[in-house]
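Visitor: I would like to learn how to read the packing of a chain, beginning with what counts as a contact. Could you take me through it step by step?

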Amino acid sequence: MQALQRRHPEYAFALAPLVTHGDRAASVPLTQIGEEGVFVKELEQAILRGDAELAVHSAKDLPTAETPGLTIAAYLPRADARDVLVTRDGLTLATLPPGARVGTGSPRRVAQLLAHRPDLQAVPIRGNVDTRLRRLGEGVVDALLLAGAGLLRLGRMDDSYEWLAIEVMLPAPGQGALAIQAVGGTPAAGLAATLDDGPTRRAVEAERAVLRGLGGGCLSAIAVHGVVEGAQLALRAAVLAEGGQRVARATARGGNDATVVADVVSLLRERGAAHLLQRTAGADALSGLRIMVTRPLEQAGAFVKALQDAGAVVVMCPVIAIQPLPVPDDVVDRIDAYDWVLFTSVNGVERVFSLLGTKRLPDSVKIGAIGPETAGRLSMYGRPADLVPDRFVAEALAEALERHDVRGRRFLVPRAQGARDVLPERLRARGAQVDVVEVYRSVPPPHLAARLHRHLRAGLDVVTFTSSSSVRNFLEALGGEPLPDGVRVACIGPITASTAREHGLRVDIIAEEYTARGLRDALVRHRVQSTSA
C-alpha cells in the first residue's frame, strides 16, 4: 500500500484485512489440509466479488494454476529468498544436538533438513510468526525454520538467527516475493502494474513454470530458485523424497527463459523426479479412491485434474447434457435497457454470450455472478462481475443485491429451465422489475442408465454432484435401485445436498466453498478425517 501511495499520490488506498481458511485451520498441518491455495482462495473471491480491488499474496503460496479472470498485476522487488534457522540459545544447524526438535510445516524444509541432518527431528508447526516464536520460547520445539523475508518485513530479524545457504536449504518457488493480484483489465490492475519489478517477475515466473512443469504444488517437496544476471537467467531446482533420503537436482542457465525452464524440468524428470513426487506428503490424499464425476464433460476438466493430482481414480459419467432453449430475439436487442444481468451458472454465461455474438454487453449494465467459477467465465469474455456474494447460492446473491437500491431497477436473469425462483422473488419483493429468461435446460445424455449401471457394477467409493439437476438425472437413471453399500455421496453445496436428501440419498460430504475446487478439498478433508479416526 505504501508503494502504491508513493507512486500514485492522487489516490487513497485502504487495507481490507481478511482471515483465510489456512489461518483458521492453524492447528491442522498443511499436508493434512491437502490443498493448494489454502491462504489464497478467499482473497481471490474477495476481489472477484468486488470487496477489494487488489489482493496481496506471498508468491510462494499461489497455486500453480491461475484463476480465470485474475492476473498477477505486479511483483514487488524480491526480498532475501533464503530460509532462517531460529533457536533459543544461538545454536546453528551444525551445532544443534542430535534429536533436536525443529519446527516447520513445509515438506520442502523437512526433506532438506533431514537430508542435511538426518539425526534431527522435524516437528509440524503452524501459525503466524509470533505464534511460532512463542512455541519456541515455551520449549515446544528447539528450533524453527522460517522464511527470512517474513521476519525482515515484520522487523523480527535477530542477529543470532542463522541464514541458511541456498546450497543447504533451497527456497520454495516465489519465496521472498510479494504478488499483487487483480481482476484483469481493471483500473486497479493498471495502477498495480506500475509497481512491477521486471527481474523479480522473470525469476518468479520461471520458478513457478518449473513447479507447473513437474505437476507439483506449494505442498510438494520441490525447491526452485532463479537469479537474473544481466540478460541471463540462472535456475536451480531440487525434488526431494519425504524423508530427504533421495533427491533429484538440476541447474540451467541461458537467455531464453522457456528453454532454461524446459532444461531444468527435463533433467529433473530424467533423475527420477516423478517417482519422488508421488511420495511427497499430500500428493496421494485420495489415493485408491474411485470417484465418479457426474459433471458435463466440457466443465469437468479442472475438477478431474484436481482429483487425479490427489491420487484418485476418476470415473467419468456425465448425467447432464446442456440443451439450448429458443430465446425471443428482443432479449438481446434490448439488453442495454437493463440495470443488472444476473448469472447463476457458467452455462448461463456461455448461452448469453453465444446469443450476443459480436454484440457487446454494454458497460452501463452491471453484472452479478453467483460464484467465482461463474465470475471467472465472465472475465474470459472480458466482462468481470461487479458483484459476487460471499456464499455461492441464490439467497446470498439476493442478500448482496438488497444492500443496493433495487427499487425500480430492471434485472435480467438468464437461467436454466426449472431453476429456483428465490432470486427473482426476493428482488421483486423489494420493488425491482425482474425478467426471467430460460436460456437452456439440463437433459440426461443418451444411454445414461446403461453407462451408470456399468460403472456401479465395477465399483465406486464416492459419487459427486454439482447441481440439483445432476442428482435428479442420476436417480432417474438409477431406476429406483439403491446405491451400493459403502458408496459415499459428495455435494458441491447445501442446495444440491438438500435435493439429494429429499430424494432419499444420505449425503456424507458437503463442500464448504461451493465450487468444484471446494468439493475436491472437502473430499480430501473427509479422507484425512476418516483415516485418522
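Guide: Contact here means heavy atoms within 4.5 Å. Please keep in mind that this is a predicted model.

Visitor: With that cut-off, which residues does phenylalanine 343 touch, not counting residues up to four places away in sequence?

Guide: Phenylalanine 343 touches Gly348, Val349, Val352 and Phe353, then Ile367, Gly368, Ala369 and Ile370, and finally Thr374, Leu378 and Pro414.

Visitor: What is the general idea behind such a cluster, and which residues have the most contacts inside the largest nonpolar core?

Guide: In soluble globular proteins, nonpolar side chains tend to be buried together. In this chain the largest nonpolar core has 31 residues, and those with the most contacts inside it are Val341, Phe343, Phe353, Leu356, Leu378 and Leu412. Among the elements that give two or more residues to this core are helix H4 (41-48), helix H13 (329-333), strand E15 (340-343), helix H14 (346-356) and strand E17 (410-416), while the largest share, four residues, comes from H14. A second, separate core of 24 residues includes Leu478, Leu483, Ala497 and Ala500.

Visitor: Which residues of H15 are buried, and what covers them?

Guide: In helix H15 (372-380), the buried residues are Pro372, Thr374, Ala375, Gly376, Leu378 and Ser379, and their cover includes H4, strand E8 (178-183), E15, H14 and E16. Glycine 382, which follows H15, has a positive phi, near 80°.

Visitor: Is valine 332 buried or exposed?

Guide: A residue counts as buried under 20% relative accessible area. Valine 332, which lies in helix H13, has a relative accessible area of 16%, and is therefore buried. Leaving aside neighbours within four places in sequence, valine 332 is in contact with Leu355, Leu356 and Lys359.

Visitor: How should I read the chain as a whole, and what radius of gyration does it have?

Guide: One compares the radius of gyration with that of a compact globule: with 533 residues, such a globule would be near 24 Å, and the chain has 25 Å, which agrees. Along its principal axes, the C-alpha trace spans about 75 × 65 × 45 Å. The chain contains 21 helices and 21 strands, and 52% of its 533 residues count as buried. Among contacts between residues at least 6 apart in sequence, 67% join residues at least 24 apart.

Visitor: How many positive and negative side chains are there?

Guide: There are 62 positive and 60 negative side chains, with the centres of the two sets 2 Å apart.

Definitions and conventions. Residues numbered from 1 in each chain as written. Predicted model: local features only at pLDDT ≥ 70, side-chain atom pairs only at ≥ 80, totals over all residues. Heavy atoms only, no water. Rg over C-alpha atoms; globule rule 2.2 N^0.38 Å. Buried < 20%, exposed > 50% of the residue type's maximum accessible area, 1.4 Å probe, protein only. Lys, Arg positive; Asp, Glu negative; His and termini not counted. Charge placed at Lys NZ, Arg CZ, Asp CG, Glu CD. Core = buried A, V, L, I, M, F, W, Y, C linked by side-chain atoms within 4.5 Å.
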